[in-house]
Amino acid sequence: MRTLLRPATGRPALTDIALLITRVALGVILVAHGWQKYHEWTIAGTAGAFEGMGIPAPTAAAVFATIVEMVGGTLLILGLLTPVVAVLNGLNLLGALVLVHISNGVFVGENGFELVLALIAGLLVLAIHGGGKYGLDALIVRKKAALA
């Protein structure tokens with residue numbers, strides 16, 4: 001029997017709503033950080049900051065971080081290529097965690113790891129479960145199934 005908690009897919013309907021909220025929230029945060037790197041700090045400024053933090057290949061890292069956050073965040077909001085984008089952003093943030101934040105303790109006010117760790121956790125959920133039925137990934141799958 002199909003209900004709010006158990007739709008025909010077998011997955012709780014609230015799971016798809018939770019995945020939508022997670023995707024959009026993480027996407028907005030990532031876009032904001034990528035936008036900041038590109039428009040406020042500039043790529044050169046971000047690369048300089050990365051160099052000062054000891055990040056290897058700081059210019060390449062700045063370009064990668066900016067693109068994966070802005071483009072990837074937008075794709076998360078749309079629910080397109082969700083697992084791939086989640087993994088790429090997760091790896092980007094894992095580098096930030098290990099190279100910058102972990103040695104500063106927990107609290108974000110002290111440049112600690114709490115925000116980075118929370119973002120990684122959310123991205124891990126999306127990498128494993130995908131973006132749910134309320135996104136372009138699911139729409140594409142439904143269209144392909146209808147055509148088959």
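N111 is partly exposed, with a relative accessible area of 35%. This residue is found in the loop between helix 4 and helix 5. Its backbone is notable in one respect: phi of N111 is near 65 degrees, a positive value in a residue other than glycine. The model in which N111 appears is a predicted one, and the paragraphs below lead from this residue through the rest of the fold.

The overall plan may be set out next. The protein has 6 helices and 0 strands, and along the sequence these follow the pattern α-α-α-α-α-α. Taken along the principal axes, the C-alpha atoms fill a box of roughly 60 × 30 × 20 Å. Of the 148 residues, 34% count as buried. Among contacts between residues at least 6 apart in sequence, 62% join residues at least 24 apart.

From N111 the reader may pass to V100, since N111 is among the residues in contact with V100. Leaving aside neighbours within four places in sequence, V100 also touches M53, I55 and G95. V100 lies in helix 4. The residue counts as buried because its relative accessible area is 11%, below the cut-off of 20%. The C-alpha atoms of V100 and F50 are separated by 9.2 Å, although these two residues are 50 residues apart along the chain.

Helix 4 as a whole, residues 82-101, shows how burial is distributed around a helix. Its buried residues are T82, V85, A86, N89, G90, N92, L93, L97, V100 and H101. Seen down the axis of helix 4, these residues fall within an arc of 170 degrees, so they line one face of the helix. The face turned away from that buried side carries the exposed residues V84, L91 and V98. What covers the buried residues of helix 4 includes helix 1, helix 3, helix 5 and helix 6, the last of these spanning residues 136-147.

Helix 4 also takes part in the largest pocket. About 570 Å³ of space lies in this pocket. The elements that give two or more residues to its lining are helix 1, helix 2 (42-52), helix 3, helix 4 and helix 5 (114-129). Helix 4 gives the most, with 8 residues. In total, 26 residues line the pocket, and K37, F50, E69, A96 and H101 lie nearest its centre. By class, the lining has 17 nonpolar, 7 polar and 2 charged residues.

Two of the residues nearest the centre of the pocket, K37 and E69, also form a pair. E69 forms a salt bridge with K37, the closest N and O atoms being 2.9 Å apart. E69 lies in helix 3 and K37 in helix 1, so the pair ties together parts that are 32 residues apart in sequence. A search of the whole structure finds 1 salt bridge. Are its partners buried or exposed? E69 is buried, with a relative accessible area of 5%, and K37 counts as buried at 8% relative accessibility.

T66 provides a further view of helix 3, which covers residues 58-78. At 3% relative accessibility, T66 counts as buried. Not counting residues up to four places away in sequence, T66 touches G34, K37, Y38 and I43. K37 is therefore a contact of T66 as well as the salt-bridge partner of E69.

Helix 1, residues 13-40, also holds D16. At 2% relative accessibility, D16 counts as buried. Which residues does D16 contact, leaving aside its neighbours within four places in sequence? They are R11, G132, K133 and Y134.

One more loop deserves attention. A57 lies in the loop between helix 2 and helix 3. A57 has a positive phi of about 45 degrees although it is not a glycine. A positive phi is likewise found in N111, the residue in the loop between helix 4 and helix 5 with which this account began.

Key
Residues are numbered from 1 along each chain as its sequence is written. This is a predicted model: local features need pLDDT of at least 70, side-chain atom pairs count only at pLDDT 80 or more; totals for chains, interfaces and linings use all residues. Side-chain values use heavy atoms; hydrogens and water are left out. Helices (H or I, at least four residues) and strands (E, at least two) are DSSP runs, numbered from the N terminus. Buried means under 20% relative accessible area, exposed over 50%, partly exposed in between (1.4 Å probe, protein chains only). Contact means heavy atoms within 4.5 Å. On a 1 Å grid over the protein atoms alone, a cavity is a set of points where a 1.4 Å probe fits but cannot get out, and a pocket is an open set with protein on both sides within 12 Å along at least five of seven lines; lining residues have an atom within 4 Å of a point. Grid points are joined across faces, edges and corners, and a volume is the space filled by probe spheres set on the points. Ala, Val, Leu, Ile, Met, Phe, Trp, Tyr, Cys and Pro count as nonpolar, Asp, Glu, Lys and Arg as charged, and the others, Gly among them, as polar. A salt bridge is a side-chain nitrogen of Lys or Arg within 4 Å of a carboxyl oxygen of Asp or Glu. The arc is that of the directions from the helix axis to the C-beta atoms.
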